[in-house]
Amino acid sequence: MIILADATNESGGKLNILGAGISRITPAALPSVLPQIAVVVRASLAEGDYDRTHQLSIEMVGPNGAQVVPPLESTVLPEMLRPMRDSLLNGEQEAVNMTFLMQGLTFSEEGIYQFVVRLDDQELRYPVVLRVMPLESPAGLVLPPPG
């Protein structure tokens, strides 16, 4: 699972997601700064995954295909994963939750922005998209705020 949200936290092994499913923002004008957005990744693990180091990266690509900010990268060490494996009951499959909080993102143009998530250099599923559409589009069309 990959999802955009307002904020997240984890408590008692549960992932709490606030404002999940962001797919569009409608700023009053461009450029616009988004105070924060969370990219939430929940990945299932196979038995052999607990004993190796994994690399996770998130790249944000703008409507013109250019990278918007440098990729966010994280290393997941076996020492972080083994306690999860050791707590599993027979037949259970664990998933690891990872949250990346991006703050102060500037959107300078209207269009589709993509969040590309890679685990060990393999893209997970498909890019998560965020449409940036000002309340008043260049065509003069006034859009209702999302609700």
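Read along the sequence, the chain of this predicted model follows the pattern β-β-β-β-β-β-β-α-β-β-β-β. The protein chain thus holds one helix and eleven strands. Along its principal axes, the C-alpha trace spans about 60 × 30 × 20 Å. The accessible surface of the protein chain comes to about 8600 Å², and carbon and sulfur atoms account for 51% of that area. Of the 147 residues, 35% are buried. Among contacts between residues at least 6 apart in sequence, 67% join residues at least 24 apart.

**Nonpolar core**

The largest nonpolar core has 30 residues. Those with the most contacts inside this core are Leu-4, Ile-37, Val-39, Met-98, Phe-107, Phe-115 and Leu-130. Two or more residues each come from strand 1 (2-5), strand 5 (32-44), strand 6 (54-61), helix 1 (78-86), strand 8 (95-107), strand 9 (111-119) and strand 11 (128-132). Strand 8 gives the most, with six residues.

Phe-115 illustrates how residues from separate stretches of the sequence meet. With neighbours within four places in sequence left aside, Phe-115 is in contact with Leu-4, Val-39, Ile-58, Glu-59, Met-60, Met-102, Pro-127, Val-128 and Leu-130. Among these partners, Leu-4, Val-39 and Leu-130 belong to the group with the most contacts inside the core.

**Salt bridges**

The count of salt bridges comes to three. They are set out below with their N to O distances.

| Acidic residue | Basic residue | Distance (N to O) |
|---|---|---|
| Asp-49 | Arg-52 | 3.5 Å |
| Asp-120 | Arg-52 | 3.4 Å |
| Glu-59 | Arg-118 | 3.2 Å |

Asp-49, Arg-52 and Asp-120 are linked in a network of salt bridges. Within this network, Asp-49 counts as buried because its relative accessibility is 17%, under the 20% cut-off. Arg-52, at 39% relative accessibility, counts as partly exposed. Asp-120 is also partly exposed, with a relative accessible area of 26%. The pair of Asp-120 and Arg-52 links distant parts of the chain, 68 residues apart. Asp-120 lies in the loop between strand 9 and strand 10 (122-123), whereas Arg-52 lies in the loop between strand 5 and strand 6.

The remaining salt bridge joins the side chains of Arg-118 and Glu-59. Because Arg-118 lies in strand 9 and Glu-59 in strand 6, this pair ties together parts that are 59 residues apart in sequence. Arg-118 is partly exposed, with a relative accessible area of 26%, while Glu-59 counts as buried at 18% relative accessibility. Glu-59 is also one of the residues in contact with Phe-115.

**Surroundings of Asn-97**

Strand 8 also contains the polar residue Asn-97. Asn-97 has a relative accessible area of 15% and is therefore buried, the cut-off being under 20%. Its side chain makes a polar contact of 3.4 Å with the side chain of Glu-10. A second polar contact, of 2.7 Å, joins the side chains of Asn-97 and Arg-42. When residues up to four places away in sequence are not counted, Asn-97 touches Glu-10, Leu-15, Val-41 and Arg-42. Glu-10 and Arg-42 thus appear both as partners in polar contacts with Asn-97 and among the residues that Asn-97 touches.

Key: Residues numbered from 1 in each chain as written. Predicted model: local features only at pLDDT ≥ 70, side-chain atom pairs only at ≥ 80, totals over all residues. Heavy atoms only, no water. Core = buried A, V, L, I, M, F, W, Y, C linked by side-chain atoms within 4.5 Å. Buried < 20%, exposed > 50% of the residue type's maximum accessible area, 1.4 Å probe, protein only. Helix = DSSP H or I, 4+ residues; strand = E, 2+ residues; numbered from the N terminus. Contact = heavy atoms within 4.5 Å. Salt bridge = Lys/Arg side-chain N within 4 Å of Asp/Glu carboxyl O. Polar contact = N/O pair within 3.5 Å; in protein donor to acceptor, adjacent residues only side chain to side chain. Areas by Shrake-Rupley, 256 points an atom, 1.4 Å probe, with all protein chains shown as cover.
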